[in-house]
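Subject: Structure for you to look at

Hello,

Here is the structure I promised to pass on. Please open it next to this message and follow along.

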Amino acid sequence: MVRYYFRFTGRVQGVGFRFFVSMNAEKCKLTGWVRNLPDGSVEAEAQGVPIAVERFLEMIQNDAHRFIRIDHVEKEKRPLMEKESNFRVVY
């Protein structure tokens, strides 16, 4: 198991990006969260088996609809959250 923090910049607010991230995390059987930041970016943490986390990131970057535009992704390894059981959108 691994856990990563992501910060996405570009056109990622007001276009359904959090829902898109959450939907793909669930498809990949990941736990974690996603939320908007005041500066217009979106941050997320995703936890699961390494190949599922990589697939999740690929899906987000390659399968986004035409209104989403990701200009940059920051990625940083984080400690595991042992009791986490789902992926959620944080408001």
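Below is what was found, going from the strands to the core, the rings and one threonine.

A caution before the details: this is a predicted model.

**Strands**

Start with β1, which spans residues 2-11. Seven of its 10 residues are buried, so the strand is mostly covered by the cut-off of under 20% relative accessible area. β1 pairs with two other strands. One is β3, residues 42-48. The two run antiparallel and share seven bridges. To find your place there, look at R7, whose bridge partner in β3 is E43. The other is β4, residues 69-78. This pairing is antiparallel too, with nine bridges. Here R3 of β1 has R78 of β4 as its bridge partner.

**Core**

Next, the largest nonpolar core. It has 24 residues. Those touching the most other members are F6, F8, F17, V21, L30, F56 and I60. Four elements give two or more residues each: β1, α1 (17-27), β3 and α2 (50-62). Which of them gives the largest share? It is α2, with six residues.

F56 is a good residue to click on. Leaving out residues up to four places away in sequence, F56 touches F6, V21, N24, A25, C28, L30 and A46.

**Rings**

There are six aromatic pairs in the structure. Take F8 and F17. Their ring centres are 5.2 Å apart and their planes meet at 75°, which is over 60, so the pair counts as edge-to-face. Both F8 and F17 are buried. Ring pairs also build a cluster, made of Y4, F6, F8, F17, F20, F56 and F87.

Y4 has a further partner. The charged end of K75 sits over the Y4 ring, 4.5 Å from the ring centre.

**T31**

Last, look at T31 in strand β2, residues 31-36. Is T31 buried or exposed? Its relative accessibility is 12%, so T31 counts as buried. The T31 side chain makes a polar contact of 2.8 Å with the side chain of E84. E84 is also among the residues that T31 touches, not counting those up to four places away in sequence. The others are R3, E45, A46, Q47, S85, N86 and F87.

Some names come back. A46 is touched by F56 and also by T31. F87, a member of the ring cluster, is in contact with T31. R3, the bridge partner of R78, touches T31 as well.

Best wishes

Technical notes: Residues numbered from 1 in each chain as written. Predicted model: local features only at pLDDT ≥ 70, side-chain atom pairs only at ≥ 80, totals over all residues. Heavy atoms only, no water. Buried < 20%, exposed > 50% of the residue type's maximum accessible area, 1.4 Å probe, protein only. Pairing = 2+ DSSP bridges. Core = buried A, V, L, I, M, F, W, Y, C linked by side-chain atoms within 4.5 Å. Contact = heavy atoms within 4.5 Å. Phe/Tyr/Trp six-rings, centres within 6.5 Å; stacked < 30°, edge-to-face > 60°. Lys NZ or Arg CZ within 6 Å of the ring centre and 35° of its normal. Polar contact = N/O pair within 3.5 Å; in protein donor to acceptor, adjacent residues only side chain to side chain.
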